[in-house]
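Got the model open in your viewer? Let's walk through it one selection at a time.

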Amino acid sequence: MYKVTLTEIIKKMELKNLLPDIDTDTITISQSGVNRIALQLAGFFEHFDSERIQAIGNVEYAYIKKFDEARMIPIYEKIFDSKIPCIVFCRNLEPSDTMLDAAEKKGVPLLVTSMSTSDFIAELVRWLSEQLAPRISIHGVLVDVYGEGVLIMGESGIGKSEAALELIRRGHRMVSDDVVEIRKVSNDTLIGTSPDITRHFIELRGIGIVDVKSLFGVESVMLNQTIDMVIRLEDWNREANYDRLGLDEEYIEFLGSKVVCYSIPIRPGRNVAVIVESAAINFRAKKMGYNAAQELYNRVTGSLNAPDKAEP
């Protein structure tokens, strides 16, 4: 199970820490959900998911203000005894001194954000879903081609990095070379990124390591990209029966999600970068409802089924 520290969340969301003496490095989050701590303020604790980050907005804050602080002390203590990771006050709302004292005694950080409650929760859940997502590392190259995330795979030395370099020269952007970290952020979305240590570097046999960001500029790289399609490079085999129409889709599976995969045979004289570009454009056209292979098939079958014209 993956975790993030509360310190990382504070930095990412630019939160104000009202109790800086509490060590937030030791507090970890393993769930992407965020709970609005409402029923608990009324004393109802059944099914309380105390492992989540707790948020307080205008509604909860107005409810607290209705009661005398002395009445709320037992509620505060029970909430903090539940071992919650923290409470975030939205819209720059701030807790009372009574709540601050109770939180400090129990070692629970109280944080403040200027964001609205809905916006804060949506942004935090999105970020946590990505950080806590199941992940794997695979050997390949990930590039952005016309807005499509293309993962190039194949045996070592077959020319993946060289193809990526040519794509970069043609104006496309690189995400990762050699090792791609894949995260499943939803049932339909896979995000690919690069390990920190190799980010923006390409290894070219015979030349060495190339810094893409320094050589081609910041517009030539990306931090992450969805994995929309896979190009598998393989050595040309005269006896193999390669798909020449593309009517049937082939898929490859990562973390339980299927991604369209095209097997491209490689031999001298084939421009791999142009083939990858064409595959990306064709894939994009299919997403927009146009399938060239199906169109050709319809024309051929329509021609065969058409009645012969009578001779004059």
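Before you click anything, keep in mind that this is a predicted model. Start with the second largest pocket and colour its lining by residue type: you should get 4 nonpolar, 4 polar and 7 charged residues. The lining has 15 residues in total, and if you want to centre the view, pick Gln-131, Arg-183, Thr-193, Arg-199 and Asn-224, which lie nearest the middle of the pocket. Three elements each give two or more residues to this lining: helix 5 (117-131), strand 12 (179-186) and strand 13 (189-193). Helix 5 gives the most, with 4 residues. The pocket's volume comes to about 350 Å³.

Stay on helix 5 and show the side chains of Glu-123, Arg-126 and Glu-130, which are linked in a network of salt bridges. Glu-123 meets Arg-126 at 2.9 Å, N to O, and the two sit 3 residues apart in the helix, about one turn. Arg-126 also meets Glu-130, this time at 3.9 Å, N to O; that pair is 4 residues apart, again about one helical turn. In an α-helix, residues three or four places apart point the same way, because there are 3.6 residues a turn.

Which of these three is buried? Glu-130 is, with 18% relative accessibility, under the 20% cut-off. Arg-126 is partly exposed at 41%, and Glu-123 is partly exposed at 27%.

For another salt bridge, select Asp-49 and Arg-52, whose side chains meet at 3.0 Å, N to O. Asp-49 is partly exposed at 26%, and so is Arg-52 at 28%. The whole structure holds 13 salt bridges.

Next, jump to helix 1 (residues 6-13) and pick out Leu-6, Ile-9, Ile-10 and Met-13, which are buried. Look down the helix axis: these buried residues fall within an arc of 100 degrees, so they line one face of the helix. Now show what covers them; strand 1 (4-5), strand 5 (53-56), strand 7 (110-112) and helix 5 are among the elements you'll find there. Just past the end of helix 1, check Glu-14, which takes a positive phi of about 55 degrees.

Last stop: the inside. A search of the whole structure turns up 1 cavity of 30 Å³ or more, and the largest cavity has a volume of about 40 Å³. To see its walls, select Tyr-61, Ile-64, Lys-65, Glu-69, Phe-89, Pro-95, Ser-96 and Met-99. Helix 2 (residues 58-65) gives the most to this lining, with 3 residues. By type, the lining of the largest cavity divides into 5 nonpolar, 1 polar and 2 charged.

Methods
Residues numbered from 1 in each chain as written. Predicted model: local features only at pLDDT ≥ 70, side-chain atom pairs only at ≥ 80, totals over all residues. Heavy atoms only, no water. 1 Å grid on protein atoms, 1.4 Å probe; cavity = no way out; pocket = protein on both sides within 12 Å on 5 of 7 lines; lining within 4 Å. Points joined across faces, edges and corners; volume = space filled by probe spheres on them. Nonpolar A, V, L, I, M, F, W, Y, C, P; charged D, E, K, R; others polar. Buried < 20%, exposed > 50% of the residue type's maximum accessible area, 1.4 Å probe, protein only. Arc of directions from axis to C-beta. Contact = heavy atoms within 4.5 Å. Salt bridge = Lys/Arg side-chain N within 4 Å of Asp/Glu carboxyl O.
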